[in-house]
Amino acid sequence: MNRVMGKRLVWAVLAGAAADLAGLGLIAAAAWLITRAAQQPPLAALSVAIVATRAFATSKGVFRYVERLTGHDVALRAQAGTREDLYQALIPPQRPRHGGADLLSRMVDDTEAVQDLLVRCLLPAAAAAIAGLAAVVIGLTILPVAALVLVAGLALAGVLLPAGTAAAARRWSARIAPARAALAARVADLVHGSADLAAYGADDAALGKALAADEALAALERRQARVHAAALAGGTLVQGLTVAAVVLLAQGAGAGSVGTAVLALTALVAFEPVLPLAAAGERMAGIMAALRRLREVRAATPAVTEPAAPAPRPEAPLTIEIDDLVVRHAPRPAPEGSASSTGSGSAPEGSASGTGSGSAAEGGGVPGEGVWDDAPDSTSSAGDGGAPGAASPTGGAQGEGLPAPGGRPAVDGVRPAVDDDRPAVDGGRPALDGVSLRLTPGKRVAVVGPSGAGKSTLLAALMRLVEPESGRITVNGVDLRELDGDDVRALMTGLTQDPYIFRATLRDNLRLAGPEADDDTLRRAVRDARLEDWVERTGWDTELGEDGRTVSGGQLQRLALARALLYDPPVLLLDEPAEALDEETADRLMSDLLDVTRDRTTLLVTHRLKGLEMVDEVVVLEEGRVVQRGHHDELVAVPGYYRDLWESEVLTRR
Amino acid sequence: MRAERSVRRHLTVTMAAAVLAGLLVLVQAELLAGVLSGRFTAAVLAVLAGVVGVRALLAWTQGVFAGHTATGVKSALRHRLLARLRELGPGRLTAHRSGELVTLAGRGLDGLDAYLTGYLPSIAVAAVVPLAVLVRLFAADLASAVIVLVTLPLIPIFGALVGMTTKVVTERQYRALSRLGGHFLDVVRGLPTLRAFGRARYQATVIRQVADAHRSATMRTLRVAFLSSLVLELCASLSLALVAVPIGLRLLGGSLDLTTALLVLLLAPEAYLPLRAMGTRFHASMEGVAAADAAFAVLDDAAGSEVRSAEPRAAAEVRPSGAPEIRLENVTVRYPGRDAAALENVTLTIHPRERVALVGESGGGKSTLLHLLLGFVQPSEGRVLVDGMDLREADVASWRARLAFVAQRPHLFTTSVADNIRLGAPSASPEQVRRAAAAAHADFVEALPHGFDTVVGERGANLSAGQRQRIALARAFCRPDASVLLLDEPTARLDGRSEAAVVAGTAELAHDRTAVIVAHRPAMIDLADRVIRLHEGRVVSDTALTPTGIAPSDGTTTPAITTGTATPGVAGDREDEAPGRGQGAAGQGDRMEDARTADARTTDADARTADTDARTADTDARTADARTAGADARTADDRGGEAAAASRESGGKR
């Protein structure tokens with residue numbers, strides 16, 4: 001939290017305390033005024049009380065207004081800051097721990113927790129503490145014993161009760177959160193899977209599941225309401241009994257009618273800011289859990305370690321050399337599994353160390369979908385496991401990044417979204433197993449192979465989205481690990497798998513790849529991607545829907561291609577550019593693409609072989625290894641995967 | 001509805017408890033004033049403690065029943081919302097932003113808590129308690145009662161005035177919040193794409209801008225909303241001062257006794273408190289009310305558009321006979337908000353057991369045609385007949401029970417792979433599931449960590465596109481009783497070999513069924529008896545590939561089937577399965593040699609010209625003319641013999 005916000009927060013607390021004190025003063029002064037007047041003193045004796053009563057009455061509202069306004073302002077700033085921090089934490093490539101609907105409910109809820117924490121917990125608690133203290137001081141001046149009772153009552157209602165509700169709420173929210181997530185997932189299924197559900201007549205069953213999830217949640221919420229009810233009752237009880245006890249003590253001690261009345265009414269009013277703290281305590285459990293989750297996301301180790309001092313970005317023309325590259329996908333870490341890694345992750349140097357393997361190891365131990373892999377050497381501690389991996393990129397000298405005998409640098413952050421070949425295909429084997437490739441300026445290389453062969457992983461490694469286990473990639477002789485990840489992606493990028501269409505206009509969706517592009521440039525990119533008809537029909541300023549739902553698969557693909565062409569990186573990576581296109585369009589697109597990319601350094605991942613005779617080299621990947629390489633003509637001439645594929649393609653075409 | 005009755009009962013108890021507790025405060029004040037003034041002995045404090053105890057009990061009751069009320073109402077609303085979502089169906093669901101719907105059903109409805117548990121009971125209290133206080137005040141002291149009576153109405157008046165001005169703003173703020181949530185999710189989901197184009201960091205500033213805009217909008221609302229509470233607070237505390245000071249002066253004069261004075265001092269705030277509490281709770285619940293409005297908007301929206309399809313719900317059961325005949329009569333489909341019709345005046349008959357491939361450019365209306373058959377969209381004009389019965393009058397569920405459907409981007413549910421496969425056949429045995437998976441060539445499932453019990457990540461996050469597609473295909477296979485097969489580009493995302501395998505499986509699946517397949521890839525088209533080309537919503541060619549016994553009336557169709565039958569199952573060799581009907585295992589290498597002859601190229605050109613002719617021919621593509629042209633195209637293709645298969649490839653080879 002920055003200084004401005006800290007200052008505002010102090011002001012808010014002060015204003016809140018002032019408002020509570022004014023309330024207290026108002027009732028104390030009025031009580032004194034009335035009971036003293038009943039003793040019929042001279043009028044002058046009452047004048048101070050009269051003035052005080054009026055002054056407190058006027059100032060209370062003003063202070064309250066200031067408090068609430070300042071408090072909410074701070075809270076909203078804090079929330080915005082939390083969102084931004086969260087987003088920043090998600091920027092470095094990493095495996096998404098949770099997706100879609102879950103992410104929505106969690107992120108929106110969690111970032112609001114910060115607001116709740118400030119406005120509904122910290123602020124009122126601080127103000128109530130100050131007001132309570134003032135009431136006790138008033139009590140002390142009249143009757144110390146009564147003040148002690150008041151302290152006890154206030155502590156009960158303001159400390160013990162909130163602590164109790166917080167503990168109870170923590171227990172309950174641990175049970176409610178999964179129920180809530182389950183409901184959100186069921187609803188998301190109903191919404192996103194409506195076509196599949198309807199077509200298979202499974203919508204009733206899915207609706208039933210959603211309603212069952214709702215019922216489970218409702219049952220838990222009903223039981224949780226009892227905690228709230230008990231707190232409400234407890235507060236009422238403590239307040240009433242404290243006042244009664246104070247009166248009893250005061251009368252027994254002969255404090256006089258003035259003293260007794262002031263004591264009683266002060267005690268009564270002192271509880272007013274204290275009683276809501278029980279409800280605040282209830283919120284605390286959820287708030288703390290949300291903050292912990294946010295911290296976890298922030299502490300998550302990126303998939304790749306960024307160098308401390310990145311080498312300067314190499315200038316085009318670029319020569320890319322891939323040398324004996326091995327990439328192994330780490331087991332999927334469980335969402336809550338990385339809690340203990342936060343400690344080392346927060347240190348600036350530590351974040352570059354082995355926290356990844358720590359969380360991965362923990363993730364591997366969690367039952368369920370966490371276990372994709374055998375979590376190799378997961379017994380090694382966080383520090384040990386990661387050290388060798390961290391040393392090479394930062395030190396640079398050890399550029400080979402050899403796996404240490406004790407533990408491999410586990411990679412937390414394989415991105416399923418861009419990944420065609422999930423480790424799911426095969427538990428133990430690396431996704432890429434010793435791939436070498438040389439891409440000189442202007443050279444075009446096509447990578448073909450069955451799904452799961454490692455084609456997309458190769459692109460991910462080039463875009464510095466996954467950390468290689470061994471081997472290296474160099475750009476003009478500079479190891480990729482010595483470069484800033486963003487610089488790498490500025491040099492090598494293009495059409496990635498599963499491109500995303502944002503909820504924005506068509507123009508903005510394109511321009512994210514070229515913010516400075518003028519209309520002519522945009523039009524050219526659209527033309528090269530064979531999208532111009534659709535763009536003309538749709539209109540440049542049409543909002544595209546969520547998930548690109550109003551955009552068909554082929555259009556989405558071409559839109560993504562247009563982006564890649566617009567971005568125009570020195571090394572163009574194309575992951576299945578013709579996927580989901582109809583045959584005719586795909587053929588035209590590919591032949592155009594091969595025209596457009598002539599003399600451009602291009603790495604093309606494809607499963608369509610047509611036109612590949614135009615590229616300089618074809619690399620056939622199977623199970624992470626290069627099984628064939630050469631020019632199209634050479635590959636067709638010899639038996640093997642390529643020729644099989646070629647023949648099946650030729651024969652299925654007409 | 002039983003649920004709604006019990007909700008009403010719970011609400012009544014909640015409000016009654018709140019009102020009773022409020023009235024007991026009067027009793028409490030009476031007792032306290034008596035004790036403090038010395039009219040009652042200290043023993044009365046025991047009675048006071050008893051009253052406090054009862055109040056606590058009532059508070060507990062109120063809390064528990066408020067919980068019941070809230071969960072009851074939310075469940076009821078959620079039920080209706082989700083049921084409506086299902087009724088809306090995939091066709092209209094796309095119009096809503098799915099993320100917003102998911103939020104609405106979860107967090108959005110939770111916003112109602114404040115309204116139900118806070119605002120509603122506070123209305124009851126505000127209606128009863130101030131009145132009771134006034135009555136008691138009039139009985140005790142006329143002058144004070146008049147002051148309270150005069151100032152009391154100021155609170156609701158000011159409250160209403162300010163409330164009216166803030167209502168619109170609050171509603172706008174809720175929409176902004178919802179948009180903010182949507183925007184944040186959108187950006188996070190698209191992060192891989194942003195990262196690929198180096199825009200991820202820039203987007204952080206956009207997030208900040210959106211949050212800042214949201215904050216200033218919120219603060220504008222709050223400045224006004226809190227102004228109302230300022231006025232109310234001032235009213236209440238100034239009135240207290242207005243009451244207390246004259247009372248003190250009158251006590252001084254001896255015209256009032258202390259008990260009454262203390263009673264007035266204790267009671268006067270209780271007159272204002274319920275009204276202020278109501279105001280506060282009103283503001284706190286506004287967000288929830290806005291959420292409820294959004295929920296009702298979805299319900300109303302549905303109700304509005306439902307009128308058309310709801311009226312003829314005679315729901316004639318579609319008899320589960322064999323493969324049906326499907327006839328489209330002058331069908332036009334228009335989507336709301338779009339000028340061009342998605343389908344325009346389409347008339348065609350799909351005969352039982354016919355296999356129809358729908359081809360054409362993306363956006364031509366192929367998917368719409370499938371959705372029409374699925375009952376997701378209704379024809380704007382014309383009708384769809386299944387065995388002579390209008391689909392609109394048919395019971396959708398019984399019709400869909402006969403379908404097996406694979407969507408373009410199938411949704412995988414967060415459940416086990418097995419459950420995903422048996423979506424349309426919940427009673428399918430594990431063996432049947434296994435067989436379905438095998439038929440869809442989803443053999444990778446066995447290699448997953450938990451085999452068929454592996455839980456699929458959200459939206460199939462941990463599976464590749466091809467794997468997802470094959471699971472969806474297995475769904476279709478797991479419905480052996482389906483008589484109509486509807487496939488939307490089932491092989492669009494598969495590589496050549498898996499494609500061949502899936503084609504083989506599809507051929508098997510299509511056997512003895514009516515099949516409508518949106519196809520881009522020739523291997524799939526080869527399966528068809530008939531190819532229908534759609535362009536801009538119209539049928540531009542309709543070509544029979546094989547004599548199906550229901551030969552086209554013009555009879556000019558040449559046995560173009562040869563292309564298909566001559567196609568050897570090369571691709572299938574490795575899989576031990578032949579693709580399509582191609583059983584003739586022709587040789588391997590020699591066929592390739594002279595495929596790229598000038599002859600073949602010319603043939604191809606001819607075919608294309610013929611095809612273009614077909615497209616430009618009269619829009620009623622079923623005229624003999626167009627069909628002949630199409631048939632000629634086929635014949636031309638056929639003339640190329642086996643070489644024709646390679647002719648396409650020749651286009652690329654120069």
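In this predicted model, residue A:G23 is buried, because 25 other C-beta atoms lie within 10 Å and a count of 20 or more is the threshold for that class. A:G23 is part of helix 1 of chain A, which spans residues 3-38. When residues up to four places away in sequence are left out, A:G23 touches A:K60, A:V269 and A:E272. The surroundings of A:G23 also bring in a distant part of the chain, in that its C-alpha atom is separated by 9.6 Å from that of A:T266, a residue 243 positions away along the sequence.

Helix 2 of chain A, covering residues 44-90, comprises 47 residues, and the distance from its first C-alpha to its last is 69 Å, close to the 69 Å expected at 1.5 Å a residue. Helix 2 of chain A nevertheless contains a kink of about 25°, which is centred on A:S59.

With regard to nonpolar packing, the largest core of the model contains 381 residues, and the members with the most contacts inside this core are A:I34, A:A264, B:L265, B:L358 and B:I517. Helix 1 of chain A supplies the largest share of this core, amounting to 21 residues. A second core, separate from the largest one, consists of 7 residues, among them A:L581, A:M590, A:L593 and A:L594. Within the largest core, B:L265 is one of the residues with the most contacts; neighbours within four sequence places aside, B:L265 is in contact with A:A30, A:A31 and A:I34 of chain A, and with B:A244 and B:I247 of chain B.

Chain B has 22 helices and 10 strands, and 58% of its 654 residues are buried. Among the contacts in chain B with a separation of 6 or more, 77% are accounted for by residues 24 or more positions apart.

An open sheet of 6 strands is found in chain B, with the strand order 6-7-8-3-9-10 and mixed pairing. The edges of this sheet are occupied by strand 6 (403-406) and strand 10 (538-544) of chain B, and because each has a single partner strand, one side of each is left without a neighbour in the sheet. On average, and with direction ignored, neighbouring strands of the sheet are turned by 15° against each other. At the edge formed by strand 6 of chain B, 4 bridges connect this strand to strand 7 of chain B, residues 484-488, and the two run parallel. The bridge partner of B:L403 in strand 7 of chain B is B:V484.

Key:
Residues numbered from 1 in each chain as written. Chains lettered and ligands numbered in written order. Predicted model: local features only at pLDDT ≥ 70, side-chain atom pairs only at ≥ 80, totals over all residues. Pairing = 2+ DSSP bridges. Axes fitted to C-alpha atoms, helices over the stretch in contact; angles between N-to-C directions. Expected span 1.5 Å × (residues − 1). Bend = angle between axes of the 7 residues up to and from the residue. Buried ≥ 20, exposed ≤ 12 C-beta atoms within 10 Å, placed from the backbone. Contact = placed C-beta atoms within 7 Å. Core = buried A, V, L, I, M, F, W, Y, C linked by C-beta atoms within 7 Å.
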